[in-house]
Amino acid sequence: MATFVDRYPDEAKVVQASFAVAFIALGIGALFGVIQALHRTDILRIIDSVDYYTLLTAHGVLLALVFTIFFLVGLFTWAIARSFERPMPDIRLTWAWFGLMTTGSVFAAVAILAGLFPDIPMSADVLYTFYAPLQAHPIFYIGLAMFIIGTWMAGADWFLAYRGWRSENPDDRIPLQAFMVLTTMIMWFVSTIGVAVSVVFFLIPWSLGLVETVNPLLTRTLFWYFGHPVVYFWLMPAYLLWYTVLPKLAGGRLFSDPLARVVFVLFVLLSTPVGIHHQYLDPGIAEGFKFIAMTNTMFLLLPSLLTAFTVVASVEHGARQRGGEGYLRWLGALPWRDPAFTGMALAGLMFAAGGFSGMINAGMNINYLIHNTLWVPGHFHMTVGTAVALTMMAGTYWLLPQLTGKTVFSRPIGLLQVVLWFVGMVFMSNAMHRGGLLGIPRRTAEPQYQQFDFATAVGSIGEIQAQIALGGVLLFLSVVLFLFNVAATWAQDRVDTPVDDRIPEPLSPPSGAPLVLDNLALWTVIAIVLVVLAYTLPLASIITDAGLLGKSPAFPVSVSVQPVVDAAISAFASVSPVTSAEVQPIEGVVDRLAEVIR
Amino acid sequence: MEIHKYEKIWLAGALLLIVGFIATVSYGAVGAGIEMVNDEGGQVDPASLEEHPKFGEPGTYQTGENEYDVYVIAQQFSFQPGTQQPIRVPAHSTVTFHVTSADVIHGFEVVGTNANTMAIPGQVATITVEVDEPTEYGLLCNEYCGSAHHAMEGRLEVVPQSEWNESMAVN
């Protein structure tokens with residue numbers, strides 16, 4: 001029986017190439033992740049703390065942007081070709097965006113990793129958020145811009161496919177998977193405008209020295225205009241798999257096609273006008289704008305809560321088709337030996353927990369307690385780090401056979417791998433949440449201080465750190481097993497029927513969905529109006545306050561930290577302590593700064 | 001559009017949860033009076049903070065009976081005051097921190113409390129807190145600010161009112 005690779009061999013090559021880039025990024029990013037987990041918990045320090053920030057930048061960019069988005073473009077190309085039942089309009093365009101995205105990623109990665117080599121005068125230790133006025137090498141920003149433009153071309157490619165399909169099927173409903181791709185891309189086009197303006201108009205000219213200053217609050221706000229929708233860009237491929245593949249793997253079919261469409265439309269409308277919730281503690285933004293972002297954010301819970309219902313109901317339906325009975329006993333009838341099913345089910349379970357910690361983040365006033373603490377990476381390692389990443393890995397066990405015509409090398413290794421990820425993340429993210437409540441900061445190489453200790457009510461700092469380190473090691477082992485399994489699958493011989501790739505029709509068919517749901521132009525216009533309402537006044541006020549180009553000169557992330565450290569040490573040394581009791585901590589700080597030089 | 005009965009119940013529950021969350025946050029803002037960091041701090045020129053009437057000499061200023069303003073400059077990789085000398089405020093007082101940055105974006109976190117804000121160059125963040133019993137708190141920078149970010153820390157001392165004297169204030 002023919003599968004995807006037989007029907008669309010050219011498209012299968014692009015999807016395989018996209019997955020290959022994604023998995024290389026996953027491997028490097030995970031290696032850096034475990035080094036950081038061991039470093040910041042002071043269990044094993046094989047790098048200097050200065051290099052911690054290089055690895056952290058690479059970890060964020062390679063995993064949050066390269067891994068997730070390359071998987072997305074591969075998955076979406078697969079979904080468009082199979083659900084429109086036609087090849088891409090022009091495969092050269094498809095390869096062009098793949099090439100541009102890959103080149104951009106390599107540029108950014110080179111700029112970041114050069115930071116590990118003191119002899120190369122290039123550094124981009126600005127982390128994944130690249131807040132100005134910390135300044136990276138121009139190649140970093142140029143690479144990011146190429147990457148984003150590549151994703152736009154990919155979106156254009158899929159819309160061209162839609163146009164071709166529509167001209168031959170004027171009266172049909174948009175197939176569900178294609179509907180999910182197109183709505184996700186509308187959200188992406190609307191939201192990436194912010195980061196594109198920030199990078200192309202402000203940060204690239206500034207890093208090249210063409211303009212001297214930036215307005216840090218403006219570039220930061222433009223980043224978060226993009227920085228929240230990007231989390232839904234990560235999540236939508238997972239949703240696509242949960243809605244259209246997971247019910248099939250469970251042995252059933254999707255509960256409701258119309259409600260799936262409603263959910264994706266809600267994401268188009270609400271994903272962008274919420275970015276200011278990342279800036280609850282920023283000066284220069286009035287409280288009213290923060291309140292609006294907060295209410296929008298809370299309503300954004302709705303599509304995810306609806307998804308929880310639909311996905312669980314679909315899985316339960318599958319279990320009952322397999323003979324499951326009772327209120328909860330049907331859980332035992334699910335195909336728990338299938339790594340694709342188990343991985344996605346565990347990912348969904350952890351997303352529920354991550355959703356609850358996200359509700360705390362969204363709560364404007366309680367956010368004071370956890371803002372920029374370890375709680376926050378604890379949260380997003382459950383969401384993007386598990387709901388998304390684990391679903392993508394699990395989905396690979398079902399997708400790769402269709403793309404290659406080869407069976408998965410080892411399902412038991414796959415099962416061990418997805419379970420290991422879940423267990424590792426339970427340890428790591430739970431401990432990170434707890435550490436955050438104590439005030440332990442995120443993004444910090446050595447969160448051990450000379451002048452104070454963190455106080456714990458339950459457990460101890462050492463125990464929290466041990467859990468983080470243990471979790472990090474398990475997660476890394478999981479990635480090693482995954483990459484081994486994928487590579488071994490690629491090395492297999494082709495077989496006739498590598499996987500059952502059929503997706504059954506939903507219980508409630510698309511015919512029940514109001515036609516207006518498929519009116520993509522309407523939703524685009526409403527999304528833009530909501531964005532204009534949410535952002536015009538805050539942006540106008542930020543620009544009026546400090547000017548379009550602001551007053552902040554560049555603070556390049558130093559290739560050599562020597563001058564910075566010298567300056568800091570001399571500042572400390574010049575202090576004449578008021579009391580002898582203060583000598584100790586200050587000397588301690590000087591010692592630690594001196595260590596940084598090494 | 002056909003919606004299953006259970007799904008309608010779930011939908012109603014979800015909306016109730018959302019409205020409940022918004023209500024509790026609103027109560028926190030209005031009832032409990034937890035204000036967000038906002039735009040009231042105004043702007044400063046990060047390159048000439050020394051000419052600013054308060055940031056030129058940062059520290060604790062008395063503004064009323066039991067009311068104090070504390071001006072803090074965050075810079076790579078120290079708080080001024082906070083790192084070299086502790087910030088000192090008297091016990092049982094209302095303290096408003098005015099925090100800005102002289103260079104890049106920093107964080108200002110009083111460890112173990114909800115006194116937490118971003119320090120953005122050009123902007124002044126203000127947060128008002130109530131301090132009670134005499135104690136000591138740690139301060140740390142919770143936004144990556146460069147290669148020695150992890151060394152950026154300090155102390156906040158809440159001094160007994162009997163020991164508080166004019167020399168601890170800047171004015």
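**Note on a two-chain model**

1. Start with one residue pair in chain B: B:Phe97 has B:Ile127 as its bridge partner in β8(B). The model is predicted, and every point below should be read that way. The strands behind this pair are β5(B) and β8(B), the latter spanning residues 125-131. They pair in the antiparallel sense, over seven bridges.

2. Stay with B:Phe97 for a moment. The residue sits in β5(B), where B:Val70 stands opposite B:Phe97. That leads to a second pairing, between β2(B) and β5(B), the strand of residues 93-101. Here the two strands run parallel, and eight bridges join them. So what is the sense of each pairing of β5(B)? With β2(B) it is parallel; with β8(B) it is antiparallel.

3. How enclosed is β5(B)? Seven of its nine residues are buried, so the rest of the structure largely encloses this strand. The cut-off behind the word is a count: a residue is buried if 20 or more other C-beta atoms lie within 10 Å of its own. Strand β2(B), residues 67-75, is mostly covered as well. Of its nine residues, eight are buried.

4. Now follow β2(B) back towards the N terminus. Strand β1(B) covers residues 59-64 and pairs with β2(B) in the antiparallel sense. Five bridges hold this pairing. One of the matched pairs is B:Tyr61 with B:Asp69, the latter in β2(B). The two strands form a hairpin, with two residues between them. In that turn, B:Asn66 has a positive phi of about 60°.

5. Next, go forward from β2(B). A further hairpin leads from β2(B) to β3(B), again through two residues. Strand β3(B) takes in residues 78-80. It runs antiparallel to β2(B), and three bridges join the two. In this pairing B:Ala74 has B:Phe79, in β3(B), as its bridge partner. Strand β2(B) thus has pairings with β1(B), β3(B) and β5(B).

6. Step back to chain B as a whole. What does its secondary structure come to? One helix and ten strands. The helix comes at the start of the pattern, and the strands follow: α-β-β-β-β-β-β-β-β-β-β. The chain is divided into domain 1, residues 1-34, and domain 2, residues 46-168. Their C-alpha centres lie 38 Å apart.

7. Check the dimensions of chain B. Its radius of gyration is 20 Å, against a value near 16 Å for a compact globule of 171 residues. Along the principal axes, the C-alpha atoms fill a box of roughly 70 × 40 × 30 Å. Half-way figures apply to burial: 50% of the 171 residues count as buried. Among contacts between residues at least 6 apart in sequence, 66% join residues at least 24 apart.

8. Turn to chain A. Its secondary structure holds 20 helices and two strands. Does its radius of gyration agree or disagree with that of a compact globule? The chain has 24 Å, and a compact globule of 598 residues would be near 25 Å, so the two agree. The C-alpha atoms fill a box of roughly 80 × 50 × 45 Å, taken along the principal axes.

9. Burial and contacts in chain A come next. Of its 598 residues, 59% count as buried. For contacts with a separation of 6 or more, residues 24 or more positions apart account for 85%.

10. One exposed residue of chain A deserves a look. A:Asp493 lies in the loop between α17 (461-490) and α18 (520-546). Why is it called exposed? Because A:Asp493 has 7 other C-beta atoms within 10 Å, and a residue with 12 or fewer is exposed. Its C-alpha atom is separated by 50 Å from that of A:Ser207, which is 286 residues away along the chain.

11. Finish with the contact between the chains. It takes 78 residues from chain A and 59 residues from chain B. On the side of chain A that touches chain B, helix α11 (residues 287-299) gives the most, with six residues. That side of chain A divides into 51 nonpolar, 18 polar and nine charged residues.

Definitions and conventions: Residues numbered from 1 in each chain as written. Chains lettered and ligands numbered in written order. Predicted model: local features only at pLDDT ≥ 70, side-chain atom pairs only at ≥ 80, totals over all residues. Contact = placed C-beta atoms within 7 Å. Helix = DSSP H or I, 4+ residues; strand = E, 2+ residues; numbered from the N terminus. Nonpolar A, V, L, I, M, F, W, Y, C, P; charged D, E, K, R; others polar. Domains from an automatic or database assignment. Rg over C-alpha atoms; globule rule 2.2 N^0.38 Å. Pairing = 2+ DSSP bridges.
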